[in-house]
Each structure stands twice: as C-alpha cells, then as structure tokens.
Amino acid sequence: ADTTGFLLLPLHPHMNVFIICISCARWYNKRLLAVCASLEMCLNESVASELFNRFVLLQANEDPMVVMAKIQEAYWFFIDFMSEQKPSFCGFVHQFAPRLGWPHRDVKDTIKRFWKHSLKLPRAGGILLNADRTMVLLVRGRGANTWGFPVGKVQNNEPFHKCAEREVFEETGFAGQVIDT
C-alpha cells in the first residue's frame, strides 16, 4: 500500500548521533518537472476554488515564487486531508493558472524557477532516537519512494530550532524540543 509511514532503523553502536539535528537539507524532484508534459487536471471545480480561495487568493498578485509557495501549501493540504490520490504537482499548478492569469505555456517554466528558488531556502529538521539510542525514526510521505528525516522549510524568519520542532511534529506527530544544536 502507498501510505505515509515510519521506519525505525537500528544504529551502529559506535555511531556519533545527535538527539535532534538542525539541517539545511536540499532536495529537488526532477520527476515533477517531467510530469508537466501531460496536462493533468486533478481537481474538480469546487475543490479547486476552495483551495485557491483558502491558500492563494490573497497572494495572487505577488511575486510568482510567493504564489508558487502558496500553491505548494495547497497541494500538501490537498494530499494530506482531501484526497486518497497523489496528483502531479504540475497538473495541480495548471489548474490554478487560469485563476492567476498565467498562460498554460508558461507554467512549466514557472515550476522550474520555483524548484530552483526552493533549493536556496533554509530548512530544518530532526533526528529522533529511541531512549537507548539504538533506533532512528525515518519518515516517508504518501507516494514517496524514499525514507528520510523529518525536515521542512523555515517560515518567515522562524528560528531554526522552532522550525525543526514544528516539522518533526507535523511529519511524525511527536512533540519535542531541540536539546542539542
């Protein structure tokens, strides 16, 4: 089954580990850009309107990178709370293009610029260990093929340690505090 999950891995006993580690991890998903070749419409009109009004409307006239960040938030919300399927991000963006006055032919380039912009954004996350430090918790998002540490983007001048705590909670449900940076 293709579901979000957790994975506990045994650690080597002589490994140097931290309880929670601040990270500026970088990621880039080339597969999302490849999906742009097919214009996939993944939302019905009422869902698209609801998501646009809730996440994007107030920023619709902002810089396209700001708008794309809000569309990405809407996408994550849709995947987490509104759908059993994981539509392509590119198809998702195409559904908002008419509301933003963006020609469909420009969407692929806007997404490429957004991913490049996104690489520069600071991130923070955590490494969660069991009490005797022999197991580490990894997460995998729905539809993802790889496991990793919970990590995400720093929001609006948020301190790194607060971002790490928020991301760990959002992705695992475990509330905690940074005890070693």
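**Exercise 1. The surroundings of Arg166**

At 17% relative accessibility, Arg166 counts as buried, where buried means under 20% relative accessible area, exposed over 50%, and partly exposed in between (1.4 Å probe, protein chains only). The model is a predicted one, in which local features need pLDDT of at least 70 and side-chain atom pairs count only at pLDDT 80 or more, while totals for chains, interfaces and linings use all residues. Residues are numbered from 1 along each chain as its sequence is written, and side-chain values use heavy atoms, with hydrogens and water left out.

Task: Determine which residues Arg166 touches and which salt-bridge network includes Arg166.

Solution.

Step 1. Locate the residue. Arg166 is found in helix 6; helices (H or I, at least four residues) and strands (E, at least two) are DSSP runs, numbered from the N terminus.

Step 2. List the contacts, that is, heavy atoms within 4.5 Å. Not counting residues up to four places away in sequence, Arg166 touches Lys153, Val154, Gln155 and Glu158.

Step 3. Examine the salt bridges, each defined as a side-chain nitrogen of Lys or Arg within 4 Å of a carboxyl oxygen of Asp or Glu. Arg166 meets Glu158 at 2.9 Å, N to O, and both of these residues are buried. Arg166 also meets Glu167, at 2.8 Å, N to O, and this pair is likewise buried on both sides. Salt bridges that share partners join Glu158, Arg166, Glu167 and Glu170 into one network.

Step 4. Place the residue within its helix. The buried residues of helix 6 are Cys163, Ala164, Glu165, Arg166, Glu167, Val168 and Thr172. The 13 residues of helix 6 should span 18 Å at 1.5 Å a residue, and the end C-alpha atoms are 18 Å apart, which agrees; the expected span is 1.5 Å times one less than the number of residues.

**Exercise 2. Positive phi angles around helix 6**

Task: Identify which residues in the loop before helix 6 have a positive phi without being glycine, and state whether they are buried or exposed.

Solution.

Step 1. Recall the expectation. Most residues other than glycine have a negative phi.

Step 2. Consider Asn156, placed in the loop between strand 5 (151-153) and helix 6 (160-172). Although Asn156 is not a glycine, its phi is positive, about 40 degrees. With 76% relative accessibility, Asn156 is exposed.

Step 3. Consider Asn157, which lies in the loop between strand 5 and helix 6. The phi of Asn157 is near 60 degrees, again positive in a residue other than glycine. Asn157 is exposed at 80% relative accessibility.

Step 4. Turn to the other end. Just after helix 6, Gly173 takes a positive phi of about 85 degrees.

**Exercise 3. The buried face of helix 2**

Task: Establish which residues of helix 2 are buried and what covers them.

Solution.

Step 1. Check the geometry. Helix 2 (residues 45-56) has 12 residues and reaches 15 Å from its first C-alpha to its last, close to the 16 Å expected at 1.5 Å a residue.

Step 2. Sort the residues. Val47, Ala48, Leu51, Phe52, Phe55 and Val56 are buried in helix 2. These buried residues fall within an arc of 130 degrees seen down the helix axis, so they line one face of helix 2; the arc is that of the directions from the helix axis to the C-beta atoms. On the other side of helix 2, Glu45, Ser46 and Arg54 are exposed.

Step 3. Identify the cover. The elements over the buried residues of helix 2 include helix 3 (64-82) and helix 4 (89-100).

**Exercise 4. Salt bridges and a hairpin**

Task: State how many salt bridges the whole structure contains, describe the one between Glu73 and Lys70, and characterise the pairing of strand 3 and strand 4.

Solution.

Step 1. A search of the whole structure finds seven salt bridges. Between the side chains of Glu73 and Lys70, the N to O distance is 3.3 Å. Both residues lie in helix 3, three residues apart, about one turn of the helix. Glu73 is partly exposed, at 32% relative accessibility.

Step 2. Strand 3 (residues 128-129) and strand 4 (residues 135-140) pair in the antiparallel sense over two bridges; two strands pair if DSSP finds at least two bridges between them. Leu128 stands opposite Leu137 in strand 4.

Step 3. The two strands form a hairpin with five residues between them, and Arg133 in the turn has a positive phi of about 55 degrees.
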